[in-house]
Each structure stands twice: as structure tokens, then as C-alpha cells.
Amino acid sequence: MKQLLLLTLSVLTLGISYNCKKVSYKADPSSVKLSLPDQPYEYNKVNTSIGKINNYYEDFTLINNDKATLGRVLFYDKALSINNSVSCASCHSQDHAFSDVVAFSKGFAEKQTVRNSMGISNLVDERNIGFFWDARETKIESMVFAPVANHIEMGFDRIDLVAEKVSKLPYYAALIQKAYGTTEVTEQRLRQGLSQFLFSIVAQNTKFDEGMYKGFSNFTAQESRGMKLFTENNCGTCHQITPSFSNSYNSFKFANIGLDVVDNDPGIDGQYKIPRLKNIALTAPYMHDGRFKTLEEVLDHYSNNIQNNPKLNFLLKANGSATPKKFEFTAQQKADIIAFLNTLTDKNLLTDKKFSNPFN
Ligand code: HEC
Ligand code: HEC
């Protein structure tokens with residue numbers, strides 16, 4: 001009897017322990033109710049101030065609405081973590097333009113990520129750059145399962161078990177059937193569904209984008225001054241005026257901006273990806289380590305605090321010298337640049353149902 005009790009106890013603990021990285025299944029997946037529309041949402045269209053425009057995937061084909069719908073469910077499904085504790089959305093929340101509000105996010109076992117969670121939008125521009133702060137992944141379908149496998153984020157060190165686990169969740173059969181014509185759950189289908197959903201998140205209904213069509217007649221005087229300062233001070237050389245404000249057309253994709261004299265995080269050869277600035281007002285805290293809580297702090301950095309890092313980008317060095325540049329923006333100029341950065345916000349993304357949690 002005592003032995004039986006011990007055995008039962010140890011089976012129970014094994015089942016719930018994360019350390020043994022045992023896949024854990026939902027108590028009763030058949031009770032899960034998804035709220036999905038009868039006709040899929042239009043993931044293949046982007047809302048802009050001049051109406052809807054087509055939305056393309058990594059390979060320039062139109063986004064597939066049924067695949068993206070599958071991806072939406074996967075993005076919000078905690079089953080994608082080894083112990084059903086976190087989903088992609090835990091660190092990429094719609095309320096914050098798919099970023100997290102803390103410098104480092106909590107993964108499946110309460111351990112913290114080593115970098116700041118990035119906001120997700122306009123990933124199509126990332127094709128020529130790569131994903132993550134060090135741009136280490138260049139193809140979206142190979143990137144998407146990196147967080148699933150990550151030992152801090154979602155903990156599936158055996159990625160082959162993901163499709164097996166998903167195939168035991170009854171609510172996926174219809175989604176996969178719609179997207180692919182059969183109910184077979186394969187790793188490739190899951191990767192592609194997630195990727196299609198991620199690519200459908202595009203911030204293009206912004207005051208800035210509207211301004212592009214109107215010669216910026218919609219801008220206030222302050223926003224216009226901010227845009228001028230942004231261009232004149234080389235902000236726009238790195239964060240290029242493209243749909244995402246990343247650097248897909250630049251000759252260099254990474255840079256060191258002198259946050260420290262010596263970096264803790266090696267990045268990619270001492271440099272970090274030049275991040276997108278679309279929705280930047282919504283994705284605090286800032287930088288690869290989330291060190292700045294506000295855009296004011298970011299502007300203070302560029303203004304007076306650039307450090308003499310050996311990898312410091314030439315654009316941030318004083319003319320013809322090896323020392324860091326001091327932009328010495330006035331309080332007014334900082335406020336102007338921030339007013340401009342605020343024109344890059346697409347609020348629609350925060351409430352658009354097609355990007356919301358279907359498990360609610
Ligand atoms: C525990 C928190 C956490 C979870 C869960 C998580 N992420 Fe992330 N995500 C991060 C962090 C941190 C980074 C930056 C990592 C780095 O640069 O090394 C990131 C980066 C990304 C990027 C790169 C964006 C860019 O511009 O390069 C994408 C895309 C992404 N995550 C998608 C996902 C998807 C899809 C899932 C679910 C399968 C997911 N994430 C789950 C924290 C998380
Ligand atoms: C040499 C290229 C370069 C220049 C010039 C530059 N930046 Fe950056 N910017 C970067 C890089 C790289 C990062 C990320 C650095 C890191 O995390 O280590 C960054 C980060 C940022 C961030 C935070 C992004 C985030 O998601 O956390 C903001 C905001 C920003 N820059 C605004 C500006 C403004 C405003 C200017 C002009 C005053 C400017 N940048 C000039 C390369 C540049």
C-alpha cells in the first residue's frame with residue numbers, strides 16, 4: 001500500500017515537473033472553445049488610410065487567410081510551451097504592439113529571457129536583414145520554432161514532439177483541413193501557419209503613412225520639425241524611411257550605438273540589428289536589453305550619453321574624429337523628435353480582432 005502510494009506520488013510529480021521536460025497535455029482539450037469567424041478574416045489585406053491593400057508573404061505570394069487563421073490559434077496557444085504555461089502572446093502582447101512591458105520576459109519555467117522581447121510588425125521588411133536582435137535567423141519558417149525550442153522561452157528541446165502534441169488537440173483538425181486540405185498535422189504546416197500570421201501583422205495605418213500621400217499636410221508644425229530633425233541627424237540613415245523604419249535597404253544592417261564602453265551581450269560581432277521604429281511609442285522598454293523606459297531616455301542617450309565603444313558606428317562619431325558624437329538636442333528638439341516618432345503608431349493593430357486571442 002505504502003509502495004503504491006509512493007509510486008502514485010512519483011508519477012504525479014514527474015507529470016508536473018518541468019525539469020524532466022516532459023510534454024504536458026491539457027486536462028481536457030475537448031472543452032476548448034475557439035471564437036473564430038465563419039469566414040476567415042482578411043489577413044491578405046492591410047488597412048491603410050487610403051483603403052485596403054494586398055498583403056504579401058515572405059515569398060511574395062498573397063497571405064493565405066486560412067493558414068494565417070491556423071497561425072493565430074497557434075500564436076495564442078499555451079500548448080506550444082512544454083508545460084502549457086506560456087504562449088507566443090505571453091511575451092508579444094497585442095496591447096503593446098506585440099511586445100512585452102518588461103525588460104526581460106518570463107518563460108515557461110519563470111526564468112527570464114536574456115534580451116528584450118521585440119514588437120512584431122512589418123516583418124516583410126526583415127527579409128533582407130534577419131530576425132532577432134542579432135539577425136541570426138534569416139527565414140521566417142525556420143525562425144518561428146526557435147522560441148518553442150528555446151530553453152528559457154517555451155522549453156520544447158525536442159521539436160519533433162510539437163506536432164505530436166498539437167495532433168492530440170482536437171480543435172486543430174478543422175483548422176488544418178481548411179488551410180491544407182487534409183487534417184494531417186505536420187511540423188512544416190505549423191511553422192508555415194504561424195509564419196503567415198506573423199507576416200499578416202502590418203502597421204501601415206499611421207499618421208506618417210497618411211502623410212506620405214498628402215505631402216505631410218496632415219502633420220502639426222511640431223511633427224514636421226521632428227521629421228526634419230530625424231532626417232538631418234542621420235536617425236533616418238539607420239532607421240530608414242520605409243514601411244517599417246528598419247534598415248532593409250541599408251548597406252549595413254547592424255550597428256553599435258555606444259550604449260556602453262564594453263557590451264555584456266556580444267550581439268553579432270558587437271553590433272545589434274537596427275530595429276524597426278513602427279509602433280515604437282507602444283513598445284517600451286527600449287534597446288536589446290530594455291534599459292530605457294521611455295523615448296525621452298532614448299533621446300537622452302543619443303543626445304549626450306553615447307559611449308566610446310570600439311564598435312561604435314561611424315555615424316555616431318564626431319566629424320572626422322574617433323570620439324562619440326554629442327547631438328545635444330534641446331528639450332524642444334527632443335520633444336519634436338518624439339512627436340514625430342508618435343506618428344509611426346498604428347492603433348488599429350491593438351484592437352483589430354483578427355490579431356486577438358481566439359481562446360477568449
Ligand atoms: C518568454 C518570452 C517569449 C516567448 C514565449 C516568445 N518570444 Fe518571441 N521574442 C522574445 C525575445 C526575448 C525576442 C528577442 C530574442 C533575441 O533577439 O535573441 C523575441 C523575438 C521574436 C521575433 C523577432 C522579431 C524581429 O524583428 O526580429 C519574432 C518574430 C518572435 N519573437 C516571434 C515569436 C513567436 C512566433 C513565438 C511563439 C512560438 C514567440 N516569439 C514566443 C521573447 C519571447
Ligand atoms: C548607426 C545607426 C543608428 C543611428 C544613426 C540611430 N540609430 Fe537608433 N538604433 C540603432 C540600433 C542598432 C538600435 C538598437 C541598439 C541596441 O539595442 O543595442 C537602435 C535603437 C533605437 C531605438 C529603440 C528601438 C527599440 O525597439 O528598442 C529608438 C527609439 C531609436 N533607436 C531612435 C533613434 C533616433 C531618434 C535616432 C537619431 C537621433 C537614431 N535612433 C539614430 C541604430 C541607429
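This is a tutorial dialogue about reading helices, buried residues, salt bridges and a ligand site in a predicted model.

Trainee: Let us begin with helices; what span should the 14 residues of α8 have, and what does the model give?

Mentor: An α-helix has 3.6 residues a turn, so residues three or four places apart point the same way. For length, one can work at 1.5 Å a residue, which gives an expected span of 20 Å for the 14 residues of α8, and the C-alpha atoms at its ends are 20 Å apart, which agrees.

Trainee: How many of the residues of α8 are buried, and what covers them?

Mentor: A residue is called buried when its relative accessible area is under 20%. In α8, 12 of the 14 residues are buried, so this helix is largely enclosed by the rest of the structure. The buried residues include R189, L190 and R191, and among the elements that cover the buried residues of α8 are α2, α3, α4, α6 and α7.

Trainee: R189 is one of those buried residues; which side chain of opposite charge is nearest to R189, and how far away is it?

Mentor: A salt bridge needs a side-chain nitrogen of Lys or Arg within 4 Å of a carboxyl oxygen of Asp or Glu. For R189, which lies in helix α8, the nearest side chain of opposite charge is that of E184, at 4.7 Å, and R189 has no salt bridge although it is buried. The side chain of R189 does make a polar contact of 2.9 Å with the side chain of T182, and, not counting residues up to four places away in sequence, R189 touches L70, I176, Y180, T182, T183 and E184.

Trainee: Turning to a loop, where does S81 lie, and is S81 buried or exposed?

Mentor: When reading a loop residue, it helps to take its place, its accessibility and its partners in turn. S81 lies in the loop between α2 and α3, and S81 is buried, with a relative accessible area of 0%. The side chain of S81 reaches the backbone oxygen of K78 at 2.8 Å, while its contacts, leaving aside neighbours within four places in sequence, are V86, F108, M154, F156 and K165.

Trainee: How many salt bridges does the structure hold, and which elements hold R225 and D336?

Mentor: The structure holds 19 salt bridges, and each can be read by asking where its two partners sit. The side chains of R225 and D336 meet in one of them, at 2.8 Å from N to O. Because R225 lies in helix α10 and D336 in helix α13, this pair ties together parts that are 111 residues apart in sequence. R225 counts as partly exposed at 38% relative accessibility, whereas D336 counts as buried at 2%.

Trainee: What covers the buried residues of α13?

Mentor: The covering elements include α9, α10 and α12, and the buried residues of α13 are K334, D336, I337, I338, A339, F340 and L341. The length of α13 can be read as before: its 12 residues should span 16 Å, and its end C-alpha atoms are 17 Å apart, which agrees.

Trainee: Which residue forms a salt bridge with D260?

Mentor: The partner is R291, with the closest N and O atoms 2.5 Å apart. This pair links distant parts of the chain, with R291 in the loop between β4 and α12 and D260 in the loop between β3 and β4, 31 residues apart. R291 counts as partly exposed at 28% relative accessibility, and D260 is partly exposed too, at 24%. Leaving aside neighbours within four places in sequence, D260 is in contact with R291, Q307 and N309.

Trainee: Which residues are linked with R115 in a network of salt bridges?

Mentor: Salt bridges can also be read as a group, and here R115, D134, R136 and D265 are linked in a network.

Trainee: Finally, which of the 26 residues around ligand 1 come nearest?

Mentor: Those that come nearest are C88, C91, H92, F132 and K273. One can then look at individual atoms: a nitrogen atom of ligand 1 is 2.9 Å from an N or O atom in the side chain of H92. An oxygen atom of ligand 1 is 2.7 Å from an N or O atom in the side chain of K273, and an oxygen atom of ligand 1 is 2.9 Å from an N or O atom in the side chain of R276.

Conventions: Residues are numbered from 1 along each chain as its sequence is written. Chains are lettered from A and ligands numbered from 1 in the order in which they are written. This is a predicted model: local features need pLDDT of at least 70, side-chain atom pairs count only at pLDDT 80 or more; totals for chains, interfaces and linings use all residues. Side-chain values use heavy atoms; hydrogens and water are left out. Helices (H or I, at least four residues) and strands (E, at least two) are DSSP runs, numbered from the N terminus. Buried means under 20% relative accessible area, exposed over 50%, partly exposed in between (1.4 Å probe, protein chains only). Lys and Arg count as positive and Asp and Glu as negative; His and the chain ends are not counted. A polar contact is a pair of N or O atoms within 3.5 Å; within protein, one must be able to donate a hydrogen and the other to accept it, and residues adjacent in sequence count only if both atoms are side-chain atoms. Contact means heavy atoms within 4.5 Å. A residue is near a molecule or strand if one of its heavy atoms lies within 4 Å of it. The expected span of a helix is 1.5 Å times one less than its number of residues.
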